Amino acid sequence: MKVTVVGTGYVGLVSGTCLAEVGNDVLCLDVDPRKIQTLNDGGIPIFEPGLLDMVRRNVAAGRLRFTTNVEEAVAHGTIQFIAVGTPPDEDGSADLQYVLAAARSIGRHMSEFKVIVDKSTVPVGTADKVRAAVAEELAQRGVDTAFSVVSNPEFLKEGAAVEDFMRPDRIVIGAEDPAAIDLMRALYAPFQRNHERLIIMDVRSAELTKYAANAMLATRISFMNELANLAGVLGADIEMVRQGMGSDPRIGYHFLYPGCGYGGSCFPKDVQALQRTARLDAGIELKVLNAVEEANDAQKRVLPNKVRARFGDDLSGRRFAVWGLAFKPNTDDMREAPSRQLIGDLLAAGATVAAYDPVAMHEAQRIFDGETRLTLASGPLEALDDADALIIVTEWKEFRSPDFVAVKARLKTPLIFDGRNLYEPKLPRSFGIEYHAIGRR
Ligand SMILES: NC(=O)c1ccc[n+]([C@@H]2O[C@H](COP(=O)([O-])OP(=O)(O)OC[C@H]3O[C@@H](n4cnc5c(N)ncnc54)[C@H](O)[C@@H]3O)[C@@H](O)[C@H]2O)c1
């Protein structure tokens, strides 16, 4: 099938590449010429495990191409995926300007039947807006070419995106047009050879499903974070509590890990957008989600608060090592990452910071550009030299079993604040390291 993917970010590039991998002829469009240049030069603009090899393989096979040419992109695919960003606008609602601009450019150039697929995370009612935008462009041109709009939210996880796309738990399709449903069924057939994973529903339900899933996951995290804070004060151990709870099959072990707050490009903005949709479009206050968001904002301050409780409010002259900058392991994405709040707070209190992350250093460089009190260390141990404490923010595998002798030797004070509960507390303590985690005894 001929497929166009509009937007070559985390979702668009992974989707386009995986669709090419199973034999489709895919053209990826982006408005950012640097991204397209990087791709055409044989690189990729993001870090995602397994993606670079897959891109190269499919480019070499002639199934995957990249362009900034809108006309060419619209002409190419019978199926046009819209996978552009939907960042929060000023009041936290999803900003649809990129989605609608993509829809308009399809309407402006299409000359035959197209299935336009919303893959971006968009509020309920967006498919109607996309349909209206395309129809308006067609009317301006005085043509009435047929088209269908489908909602196909994406559930991939950064860090495991290729695996998730190739072996999805489910593929949600919101569509009413039988011709469009048949096309989507055929497109996704190679990804569900083992059993049917397509869930076909009306467009509005599909749009809401994506927000509902992310809101549920965010809720579990905030719930566990609050319980961990409580456990810490009451002298209970949240890790024991987690195991005791998770063993109930109605609860399960997934997504019950307390930490220093959720971040990333999805949970914070999707929780907010769902609250705004409920409030503005339905007059309903989602009280649980309001609390989830409030608890998360507070949780992002737990690490800086622990540091202040130990060293006082004025941190001038202090130096801290930070392990992990990305919002989670296996990605270079730092959007809404807890590390940003932590580093910002430490710098504001007068400290200097030496940080290390396996892949997000270039992103940190861009975000903290010109910040002379932040240095990016060449390795995890190098970050520790002369530091008053090590603060762990992201649970990269390479931090899981460090050489505690070396850690102690290089730190000025043998002290770890662990925002991800990576270690059994007695282990670092057995090396004479003072150890503070989230809700652990
Ligand atoms: N990142 C994730 O893990 C994830 C997972 C599921 C769903 N989503 C959703 O998918 C959407 C995309 O997310 P992302 O993380 O890939 O975003 P991203 O910011 O990484 O990529 C978006 C890309 O779209 C491009 N773009 C913007 N307007 C364009 C236009 N008119 N034409 C062509 N290209 C255009 C941008 O230049 C950018 O490269 C969002 O709605 C997000 O909520 C993201």
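Ala, Val, Leu, Ile, Met, Phe, Trp, Tyr, Cys and Pro count as nonpolar, Asp, Glu, Lys and Arg as charged, and the others, Gly among them, as polar. This is a predicted model, where local features need pLDDT of at least 70, side-chain atom pairs count only at pLDDT 80 or more, and totals for chains, interfaces and linings use all residues. Residues are numbered from 1 along each chain as its sequence is written.

**Exercise 1. Describe the shell around the ligand.**

Step 1: sort by class. The shell splits into 12 nonpolar, nine polar and five charged residues.

Step 2: find who sits there. The ligand has 26 residues around it, with G7, G9, V11, S120 and T121 the closest (near means a C-beta atom, placed from the backbone, within 6 Å).

Step 3: look for helices. At least two shell residues come from each of α1 (10-21) and α5 (97-109). Helices (H or I, at least four residues) and strands (E, at least two) are DSSP runs, numbered from the N terminus.

**Exercise 2. Check the length of α12, then work out which way it faces.**

Step 1: compare spans. At 1.5 Å a residue, the 13 residues of α12 (residues 287-299) should span 18 Å, and the end C-alpha atoms are indeed 18 Å apart. The expected span is 1.5 Å times one less than the number of residues.

Step 2: list the buried residues. They are L289, V292, E293, N296 and Q299. Buried takes 20 or more other C-beta atoms within 10 Å of the residue's own, exposed 12 or fewer, and partly exposed is in between, with C-beta atoms placed from the backbone.

Step 3: look down the axis. The buried residues of α12 fall within an arc of 125 degrees, so they line one face of the helix; the arc is that of the directions from the helix axis to the C-beta atoms.

Step 4: flip it over. Exposed K287 and E294 are on the face turned away from the buried side.

Step 5: see what's on top. The cover over the buried residues of α12 includes α9 (203-234), α11 (267-282) and α13 (302-311). Contact means C-beta atoms, placed from the backbone, within 7 Å.

**Exercise 3. Characterise where domain 2 meets domain 3.**

Step 1: get the bounds. The chain is divided into domain 1 (2-200), domain 2 (211-298) and domain 3 (300-436), with bounds from an automatic or database domain assignment.

Step 2: count contacts. 12 residues of domain 2 are in contact with 15 residues of domain 3.

Step 3: break down the domain 2 side. α12 gives the most to it, with three residues. By class, that side has four nonpolar, six polar and two charged residues.

Conventions:
Two residues are in contact if their C-beta atoms, placed from the backbone, lie within 7 Å.
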